[in-house]
Amino acid sequence: GKQSLSRLAAFISSLEVFQITLRKGYGIPDLKLDLGALYIKAGLKNIGTMFLLTDAQVPDERFLVLVNDLLSTGEIAELLPDDEVENIIGGVRNEVKGMGLIDSRENCWKFFIDRVRKNLKVVLCFSPVGTTLRVRSRKFPAVVNCTCIDWFHEWPEEALRSVSNRFLAETEAIPSEVKSSVAEFMAYVHTSVNEMSRVYLQNERRYNYTTPKSFLEQIILYQNLLRKKGRELQGKMERLENGLQKLQSTAAQVDDLKAKLASQEVEPKQKNEDADKLIQVVGVETEKA
């Protein structure tokens, strides 16, 4: 979304992209070190640079104090140590002379700051969802007054279908003949939610925000559920197959036992017949005696 488009713009404009790397304990001094390095790169080395900052990279609202100063005047108080400032002034002195200006400390520093403002592009990828951006705009007016705001409008239904088709094409669990229908239904769901959000705003005076990221999350959720349910179904099928195999094995064992039992029943029956005959013989002999 916003970051991808910003990186594309930086590539087209031949700008290097810089983002802060948050870590445990990252605070104002660390941000000043990173911004100081950007100032030297943009103002002293004359390298075009994009400073990309997102909502997730502002763990402390005091970060925006520095950003506000950067946007409004280009100067941040106590950003660079004195020895670094002297190095910068000495580094640009010849260029100031080459422009026909007096190489005074003030002129050299102004030349450096002007070059920073020319080469350093600040891109704030902030979401308008909720009250955060509104509160920040009141506290730090340069976020609005000294920037050009690019509003990202909702995607048309055709774009939604194209994106969903692109993602679903990589999903092997969906039959190819129904992928198009699933993609159209996803686009329909997203657009219908947008329509109901407008009705909700009219009736309840409350906002429900949907963004392209919401649509991508919907696709990812569907894919995750599809994989999850597929694994569950596969597990149940395996259990059923194992159960059927056990039943077949048990039935074969029962048939074998029945055959053994039938063969074993013949011998006792024969012995019973012999015993009956013997009893008759004994009875006859007894009567004769």
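I will talk through the sheet of this structure and the two helices that pack around it, keeping in mind that this is a predicted model.

Let me begin with the sheet, which is open and is formed by 3 strands in the order E1-E2-E3, with parallel pairing. E1 and E3 stand at the edges, each with a single partner strand, so one side of each has no neighbour within the sheet. Averaged over the sheet and with direction ignored, neighbouring strands are turned by 25° against each other. As a general reminder, the strands of a sheet pair through backbone hydrogen bonds, either parallel or antiparallel.

Now to the individual pairings. Strand E1, residues 16-18, is joined to E2 by 3 bridges, and the two run parallel, with phenylalanine 18 standing opposite phenylalanine 51 in E2. Between these two strands the chain passes from E1 through H2 to E2, and this β-α-β crossover is right-handed. On the other pairing, E2 and strand E3, residues 120-125, are parallel over 6 bridges. If you would like to find this register on the screen, phenylalanine 51 has valine 122 as its bridge partner in E3, while methionine 50 has lysine 121.

How many of the 6 residues of strand E2 are buried? For E2, residues 49-54, the count is 6 of the 6, so this strand is largely enclosed by the rest of the structure. The burial applies to both faces, since Thr49, Phe51 and Leu53 on one side are buried, as are Met50, Leu52 and Thr54 on the other.

Let me turn to the helices. H2 packs on the sheet and touches E1, E2 and E3, and the direction of H2 makes about 155° with that of E2. H5, for its part, lies across E2 and E3, and runs at about 45° to E3.

These two helices also meet each other: the axes of H2, residues 28-44, and H5, residues 105-119, come within 7 Å and cross at roughly 95°. Angles from 65 to 115 degrees count as roughly perpendicular, which means that H2 is roughly perpendicular to H5. From H2, the contact is made by Tyr39, Ile40, Ala42, Gly43 and Leu44, and from H5 by Phe112, Ile113, Arg115, Val116 and Asn119. Sorted by character, the residues of this contact divide into 7 nonpolar, 2 polar and 1 charged.

To close, the picture I would leave you with is an open sheet in the order E1-E2-E3, with H2 touching E1, E2 and E3 and H5 lying across E2 and E3.

Methods:
Residues numbered from 1 in each chain as written. Predicted model: local features only at pLDDT ≥ 70, side-chain atom pairs only at ≥ 80, totals over all residues. Heavy atoms only, no water. Axes fitted to C-alpha atoms, helices over the stretch in contact; angles between N-to-C directions. Helix = DSSP H or I, 4+ residues; strand = E, 2+ residues; numbered from the N terminus. Parallel < 35°, antiparallel > 145°, perpendicular 65-115°, else oblique. Contact = heavy atoms within 4.5 Å. Nonpolar A, V, L, I, M, F, W, Y, C, P; charged D, E, K, R; others polar. Buried < 20%, exposed > 50% of the residue type's maximum accessible area, 1.4 Å probe, protein only. Pairing = 2+ DSSP bridges. Right-handed = clockwise from strand over helix to strand, strands pointing away.
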